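The following paragraphs lead the reader through a protein model, from its overall make-up to its cores, sheets and surface. Please keep the sequence and the structure in view while reading.

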Amino acid sequence: MTDPKTENTGSLSNSISDTAQQAVDLPAELLRHEIEQASQIYNIIIDFFTNYSFQLIGALIIFILGYIVAGKISRAILRLCEKKKLDVTLSRFIASTSRMVVMVMISIMALSKIGISVTPFIAALGAISLGAGLALQGLLANYAAGFNIIIIRPFVVGDTIEVQGVTGIVKEVQLAYTIIQDEDCAEITIPNKHIVGEVVLNSRKDTLLKLSVGISYQDNPLEVVALIERTLAKLDVYTDEVRMQVGIDAFADSAINIGIRLWIPTTNLYAAKYSAYKAIYLAFEQEKITIPFPQQDIHLIEPKGLKQA
């Protein structure tokens with residue numbers, strides 16, 4: 001008769017031996033599986049380069065040559081636009097657009113060379129564009145407005161414009177935004193959607209500077225107007241020619257107001273303002289022209305019914 005304890009001990013020993021053997025065989029099995037996967041990947045890569053090596057080399061050559069040709073075409077178009085004296089912004093836009101179009105065509109040729117169809121990419125691009133258009137309406141509005149500005153050209157680089165309460169010289173016009181610079185050399189970035197459809201004041205190179213000075217009623221305003229014209233004409237604050245308007249602006253309570261309008265370069269606006277007021281003050285002081293301060297004449301009327309004591 002077999003002892004139960006002996007049978008249990010033997011079964012336990014066999015189980016431990018099997019578990020130990022499995023523990024020893026598991027790393028070897030995993031290693032064998034990894035080697036087989038690496039071998040399959042290696043074979044796939046070798047087969048791919050064996051079958052498509054010439055196509056890959058041809059596609060790479062086409063892409064490199066296309067990149068070089070696109071750059072040359074872009075530079076040639078830019079030189080042609082500059083030769084025809086087109087606007088700087090419009091010239092750069094045409095040159096960059098032509099380069100992008102050439103690169104898209106070259107990419108399609110390179111992909112077709114290695115047997116990749118571009119039709120699924122075009123369909124996916126259309127779907128992505130629809131979703132992006134819905135999500136980025138504000139950004140696309142800026143691009144559409146920028147394209148409108150570049151084509152219609154309500155202003156060009158170097159013009160002085162006033163829009164959305166800011167004034168400055170146009171430094172750069174991009175598809176998404178326009179950069180203007182004020183007299184303090186501060187760059188102001190305005191999204192193009194806030195320009196198109198708004199009232200834009202374009203004074204080209206200059207900005208209108210409005211001044212006002214009051215003189216006494218005892219002085220001859222016509223002589224003062226002529227004096228101011230002679231004085232301001234001597235200032236070196238203008239661009240190509242002296243442009244000014246001086247005349248009687250109003251008959252105020254305490255003075256005759258003389259209005260002055262000067263067209264000054266935007267980069268020198270406030271300096272010209274201070275110089276003009278200084279020159280006017282010195283001329284008034286030399287010619288004894290009075291700049292009155294606010295005053296009132298008060299007349300006391302004695303009632304007739306009161307008796308003098």
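Of the 309 residues of the protein chain, 27% count as buried. The model under discussion is predicted. Its chain exposes about 21,900 Å², and carbon and sulfur atoms supply 61% of that area. Six helices and eight strands are present in the chain, and from the N terminus on they follow the order α-α-α-α-β-β-β-β-β-β-α-β-β-α. Among contacts between residues at least 6 apart in sequence, 63% join residues at least 24 apart.

The interior may be considered next. In soluble globular proteins, nonpolar side chains tend to be buried together. In this model, the largest nonpolar core has 26 residues, and those with the most contacts inside it are Ile228, Leu232, Ile258, Ile260, Leu262, Ile264 and Phe284. Four elements, namely β6 (206–215), α5 (221–233), β8 (256–265) and α6 (269–286), each supply at least two residues of this core. The largest share, seven residues, comes from α6. A second, separate core comprises 11 residues, including Ile150, Phe155, Val163 and Ile180.

Two residues of the largest core show how its surroundings are assembled. Leaving aside neighbours within four places in sequence, Leu262 is in contact with Thr207, Leu208, Leu209, Leu211, Leu232, Tyr238, Arg243, Met244 and Ala276. Ile264, for its part, is located in strand β8. How far is Ile264 enclosed, buried or exposed? With a relative accessible area of 0%, Ile264 is buried, because the term applies to any value under 20%. Residues up to four places away in sequence not being counted, Ile264 touches Asp206, Thr207, Leu209, Val237, Tyr238, Leu269 and Ala272. Val242 is separated from Ile264 by 22 residues in sequence, while their C-alpha atoms are 9.1 Å apart in space.

The pairing of strands adds to this picture. Strands β6 and β8 pair in the antiparallel sense over 10 bridges. Within that pairing, Leu211 has Ile260 of β8 as its bridge partner; Ile260 is also among the residues with the most contacts inside the largest core. Seven of the 10 residues of β6 are buried, so this strand is largely enclosed by the rest of the structure.

Another set of strands forms an open sheet. Five strands take part, in the order β4-β3-β2-β1-β5, with antiparallel pairing. Which strands stand at the edges of this sheet? They are β4 (187–191) and β5 (201–202); each has a single partner strand, so one side of each is left without a neighbour in the sheet. Strand β2 (residues 166–173) pairs with strand β3 (residues 177–181) in the antiparallel sense over four bridges. Here Val170 stands opposite Ile180 in β3, and Ile180 is one of the residues of the second core.

Nonpolar residues also occur at the surface. Ile57, Leu60, Ile61, Phe63, Ile64, Leu65, Tyr67 and Ile68 form a nonpolar patch there, with about 760 Å² of accessible area together. One of these residues, Phe63, lies in helix α1 (residues 4–83). Phe63 has a relative accessible area of 35% and is therefore partly exposed, since this value falls between the limits of 20% for buried and 50% for exposed.

Definitions and conventions:
Residues are numbered from 1 along each chain as its sequence is written. This is a predicted model: local features need pLDDT of at least 70, side-chain atom pairs count only at pLDDT 80 or more; totals for chains, interfaces and linings use all residues. Side-chain values use heavy atoms; hydrogens and water are left out. Patches are made of residues with over 30% relative accessible area and no salt bridge: like charges are joined within 9 Å, nonpolar side chains (Val, Leu, Ile, Met, Phe, Trp, Tyr) within 5 Å. Accessible areas come from the Shrake-Rupley method with a 1.4 Å probe; for residues, only the protein chains shown count as cover. A salt bridge is a side-chain nitrogen of Lys or Arg within 4 Å of a carboxyl oxygen of Asp or Glu. Buried means under 20% relative accessible area, exposed over 50%, partly exposed in between (1.4 Å probe, protein chains only). A nonpolar core is a set of buried Ala, Val, Leu, Ile, Met, Phe, Trp, Tyr and Cys residues joined through side-chain atoms within 4.5 Å. Contact means heavy atoms within 4.5 Å. Two strands pair if DSSP finds at least two bridges between them.
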